[in-house]
Amino acid sequence: MAAMAVALRGLGGRFRWRTQAVVGGVRGAARAAQLGRKVAVVDYVEPSPQGTRWGLGGTCVNVGCIPKKLMHQAALLGGLIQDAPNYGWEVAQPVPHDWRKMAEAVQNHVKSLNWGHRVQLQDRKVKYFNIKASFVDEHTVCGVAKGGKEILLSADHIIIATGGRPRYPTHIEGALEYGITSDDIFWLKESPGKTWHPTDVALECAGFLTGIGLDTTIMMRSIPLRGFDQQMSSMVIEHMASHGTRFLRGCAPSRVRRLPVGQLQVTWEDRTTGKEDTGTFDTVLWAIGRVPDTRSLNLEKAGVDTSPDTQKILVDSREATSVPHIYAVGDVVEGRPELTPTAIMAGRLLVQRLFGGSSDLMDYDNVPTTVFTPLEYGCVGLSEEEAVARHGQEHVEVYHAHYKPLEFTVAGRDASQCYVKMVCLREPPQLVLGLHFLGPNAGEVTQGFALGIKCGASYAQVMRTVGIHPTCSEEVVKLRISKRSGLDPTVTGC
Amino acid sequence: MAAMAVALRGLGGRFRWRTQAVVGGVRGAARAGQRDYDLLVVGGGSGGLACAKEAAQLGRKVAVVDYVEPSPQGTRWGLGGTCVNVGCIPKKLMHQAALLGGLIQDAPNYGWEVAQPVPHDWRKMAEAVQNHVKSLNWGHRVQLQDRKVKYFNIKASFVDEHTVCGVAKGGKEILLSADHIIIATGGRPRYPTHIEGALEYGITSDDIFWLKESPGKTWHPTDVALECAGFLTGIGLDTTIMMRSIPLRGFDQQMSSMVIEHMASHGTRFLRGCAPSRVRRLPVGQLQVTWEDRTTGKEDTGTFDTVLWAIGRVPDTRSLNLEKAGVDTSPDTQKILVDSREATSVPHIYAVGDVVEGRPELTPTAIMAGRLLVQRLFGGSSDLMDYDNVPTTVFTPLEYGCVGLSEEEAVARHGQEHVEVYHAHYKPLEFTVAGRDASQCYVKMVCLREPPQLVLGLHFLGPNAGEVTQGFALGIKCGASYAQVMRTVGIHPTCSEEVVKLRISKRSGLDPTVTGC
């Protein structure tokens with residue numbers, strides 16, 4: 001241990017590394033390396049209670065954005081296969097779905113990304129340690145490598161980017177033993193079958209499971225998509241409910257048991273009636289939020305403060321913790337969006353400030369995002385309720401439209417929830433405060449408008465932007481009907 | 001004729017209509033003065049209908065005249081113009097049909113047990129598309145009625161600068177006069193009448209969407225029919241495109257080449273530097289095309305079921321008798337000449353849409369220009385149409401969306417040393433599991449080199465290009481700089497985020513292939 005520490009701290013001039021240990025966070029490491037710094041990354045995946053583990057890359061690559069979007073695509077393809085006969089394709093229906101084939105393809109792609117990250121680190125001469133690190137003091141971490149060898153790493157600067165893991169409702173009998181989470185769903189070798197989720201954020205999972213033909217039930221105690229525009233959230237749910245996902249609202253689970261025949265029995269209480277009910281399922285998937293991965297870091301040894309409520313790390317606008325040379329980015333940080341692109345941008349800007357002479361801070365305003373539910377929801381800026389709370393109803397104008405994607409016509413698809421609204425200030429030139437789009441390819445639609453909002457776009461400028469025809473995104477620049485007018489916002493014509 | 005003119009001009013107070021005849025263009029109606037209408041719109045397409053509806057909403061008495069001359073092959077259609085009947089709408093639906101074919105091929109990789117290959121039935125698709133188009137024709141008729149816009153299905157021509165005449169069904173001649181007239185008659189496909197057999201045996205985009213039977217093995221000489229060839233290949237038909245020179249003239253040439261490359265590697269045959277000379281019908285029923293290879297000078301022939309001409313469009317002005325009204329046209333193109341207020345050489349006669357010289361041939365510009373025009377005429381506005389930075393998308397198998405300047409235009413305007421181009425080859429996530437080739441998935445942003453690096457143009461080649469490009473058009477309208485693009489957070493995982501992740505410049509010579517995550 002001591003020998004290792006000395007080796008890393010420097011053996012005279014030649015091995016005097018100005019090391020930056022990055023606990024998690026491959027991108028920051030890569031950027032620091034590009035600036036000529038000597039960098040090390042430590043990454044470690046604690047197996048899930050069900051035993052699932054994965055390689056380098058973090059949540060996004062392994063158990064988040066990537067596998068989620070691929071399985072979402074699989075579900076979308078199911079719907080498009082159903083559309084196809086209307087367009088002349090003679091596909092025999094219904095078409096069965098093989099979970100194993102899909103899971104294997106998704107897992108192979110994820111593994112190729114793990115490999116790609118390893119190669120990138122090597123190419124940039126970033127040292128990588130697959131160890132579970134914890135702080136020894138404010139400049140040093142230690143961890144145990146394979147074979148039991150303890151490693152000490154010290155650095156001038158440290159960035160903590162350990163992210164988070166799914167929360168388990170440990171107070172519910174059987175929850176840990178019989179339930180899985182998003183850590184596991186993408187790595188299942190067998191189909192999850194009939195699934196049950198109590199969820200705040202697992203609409204995406206339930207959505208694609210329904211889309212590939214599985215019987216799926218979501219249980220919600222209160223409101224879905226907390227923090228998002230509530231009108232839009234309701235429409236997301238409405239769409240899912242009318243396309244096969246079952247919802248049990250205002251209910252809370254109390255127990256999970258394994259039945260003799262192998263299935264799981266869930267018991268819950270309906271909060272409105274007070275009655276208890278049960279149901280039988282193949283899989284129970286908990287998606288009730290995430291907890292920061294800080295517990296095993298021994299942060300107190302380094303003097304890094306965390307939020308007493310959430311245990312997330314507290315930082316200032318420079319991403320600095322309570323210890324001047326220790327920083328934090330990503331999901332582990334208090335008050336930050338739990339999104340890959342913000343973590344990446346914040347990390348890069350941080351490293352540019354530390355080593356590149358920059359003074360640019362991360363701007364967390366107007367960060368766009370998309371929920372990849374069966375009907376996708378893209379948004380940027382304020383929700384309608386946030387805008388009203390901030391400016392007052394009389395100072396807010398909301399333009400909206402119900403539209404029908406052209407491709408839905410021939411397919412005979414229901415477009416009831418295809419909807420867009422733009423929240424603006426009422427006073428000319430009517431600054432755009434927020435944009436909300438529900439429909440196909442919502443992420444593709446929303447991205448460019450995020451640039452517009454970054455540039456301070458006004459409704460006047462939106463009105464002068466010519467549409468691209470025929471698309472769904474043109475409906476944004478064609479918005480003319482305000483909620484205040486009470487007129488019918490259904491788009492007609494052409 | 002005289003009797004009709006009197007009836008329309010007014011019989012005392014009660015029938016004293018201030019009619020505004022819209023030659024095409026259904027949207028405006030006006031109160032009557034000495035003439036029949038406030039506004040007459042000639043042409044019931046995208047631009048015309050927008051004008052008519054807008055003017056009606058402003059309380060004007062409006063009339064629209066619309067008429068479709070059957071194509072040489074006999075195809076005709078209802079109210080709505082090119083976009084609705086033989087343009088954007090049927091084109092995008094057939095493009096969708098072709099895309100679905102590709103997605104059905106992807107599906108087994110995602111676990112769907114679809115037996116391949118899957119046959120395609122043209123008739124089923126064509127019927128569905130035609131039914132949707134007819135529903136739009138109907139929708140437009142209803143909208144005009146609801147707004148009390150008078151609609152005449154007659155072929156109009158000018159009698160004098162305030163009056164048009166036309167012949168209705170049954171031979172009755174109608175005269176319509178108006179204070180203001182908007183011409184929005186659009187255009188029709190050009191036929192290469194100098195080529196033997198071209199008119200007799202070839203079809204155009206006027207016909208392709210209305211065919212009851214599959215076109216089979218098709219041949220197109222084309223400047224702009226990449227979209228048609230694209231979807232025909234996508235639904236499994238043997239398709240050949242012949243080009244004399246460069247495709248997608250006026251578009252960024254690097255992007256155009258990649259569009260073609262993608263099509264060529266996905267089944268469409270290209271014959272470049274060739275020009276057709278003759279089309280004959282063979283005894284067995286197929287068509288034989290003869291062409292000359294310009295480079296070798298050699299002649300060659302091929303046999304096809306269908307020949308589709310897509311060599312450009314001509315304005316629908318010939319039968320309007322524009323000289324009776326004094327409206328000037330371009331001697332080269334015969335398109336109508338207008339100023340920045342869409343006014344022709346005659347003060348109260350205007351023109352919008354494809355029929356106008358120097359304007360984009362796009363539905364949304366016609367609509368916006370028409371609405372702004374009517375707002376200036378009747379709504380007290382002074383806003384002019386801005387034709388800069390109009391975004392558009394080519395719906396080829398791999399779609400190409402763009403807004404602003406092409407790279408060559410930017411260099412011509414500012415000089416190579418003042419232009420910085422950021423670019424990236426990316427791979428859509430959905431292509432990975434599907435095993436699709438992403439060689440032509442590419443995006444580039446053309447900027448000024450001087451900070452803050454104003455964005456001059458954006459070019460995106462990939463899936464859903466229209467959806468990606470639209471929002472960036474707003475950004476460019478707001479004067480976005482590269483610095484602002486860099487500070488815009490991406491949405492992950494999407495293709496559009498690749499725009500805000502652009503970091504590699506062409507000048508650097510570094511590999512622009514996106515890696516990771």
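This section describes the fold of chain A, the contact between chain A and chain B, and two annotated features of chain B in a predicted model.

The secondary structure of chain A consists of 16 helices and 23 strands. Along the principal axes, the C-alpha atoms of this chain occupy a box of roughly 75 × 65 × 50 Å. The radius of gyration of chain A is 25 Å, which agrees with the value near 23 Å for a compact globule of 494 residues.

The interface of the two chains was examined next. The contact involves 85 residues from chain A and 84 residues from chain B. The size of an interface is often given as the accessible area lost when the parts come together. For chain B and chain A, the buried area is about 7,600 Å², and carbon and sulfur atoms give 68% of that area. Within chain B, the residues that lose the most area to chain A are Trp112(B), Glu467(B) and Arg487(B); together these residues account for 11% of what the chain B side buries.

Polar and charged interactions across the interface were also counted. Between chain B and chain A there are two salt bridges. A salt bridge is formed by Lys69(A) and Glu430(B), with the closest N and O atoms 2.9 Å apart. In addition, 29 residue pairs are in polar contact across the interface, both residues of each pair being at pLDDT 80 or more. On the side of chain B that touches chain A, helix α14 of chain B (residues 465–477) gives the most, with 11 residues. By residue class, this side of chain B comprises 45 nonpolar, 28 polar and 11 charged residues.

Two UniProt annotations, both from an unreviewed entry, were placed on chain B. The annotation "domain: Pyridine nucleotide-disulphide oxidoreductase dimerisation" covers residues 390–501 of chain B. Over residues 390–501, chain B is 32% helix and 26% strand, and the end C-alpha atoms of this stretch are 23 Å apart.

The other annotation is "binding site", for which UniProt lists Gly312(B). Gly312(B) lies in the loop of chain B between β15 (306–307) and β16 (313–315). When neighbours within four places in sequence are left aside, the residues in contact with Gly312(B) are Arg188(B), Pro189(B) and Arg190(B).

Key: Residues are numbered from 1 along each chain as its sequence is written. Chains are lettered from A and ligands numbered from 1 in the order in which they are written. This is a predicted model: local features need pLDDT of at least 70, side-chain atom pairs count only at pLDDT 80 or more; totals for chains, interfaces and linings use all residues. Side-chain values use heavy atoms; hydrogens and water are left out. Contact means heavy atoms within 4.5 Å. Buried area is the accessible area (1.4 Å probe) that two parts lose on being put together, summed over both. A salt bridge is a side-chain nitrogen of Lys or Arg within 4 Å of a carboxyl oxygen of Asp or Glu. A polar contact is a pair of N or O atoms within 3.5 Å; within protein, one must be able to donate a hydrogen and the other to accept it, and residues adjacent in sequence count only if both atoms are side-chain atoms. Helices (H or I, at least four residues) and strands (E, at least two) are DSSP runs, numbered from the N terminus. Ala, Val, Leu, Ile, Met, Phe, Trp, Tyr, Cys and Pro count as nonpolar, Asp, Glu, Lys and Arg as charged, and the others, Gly among them, as polar. UniProt positions are given in the numbering used here, feature names are shortened, and annotations may be inferred rather than shown by experiment. The radius of gyration is taken over C-alpha atoms; the globule rule is 2.2 Å times the number of residues to the power 0.38.
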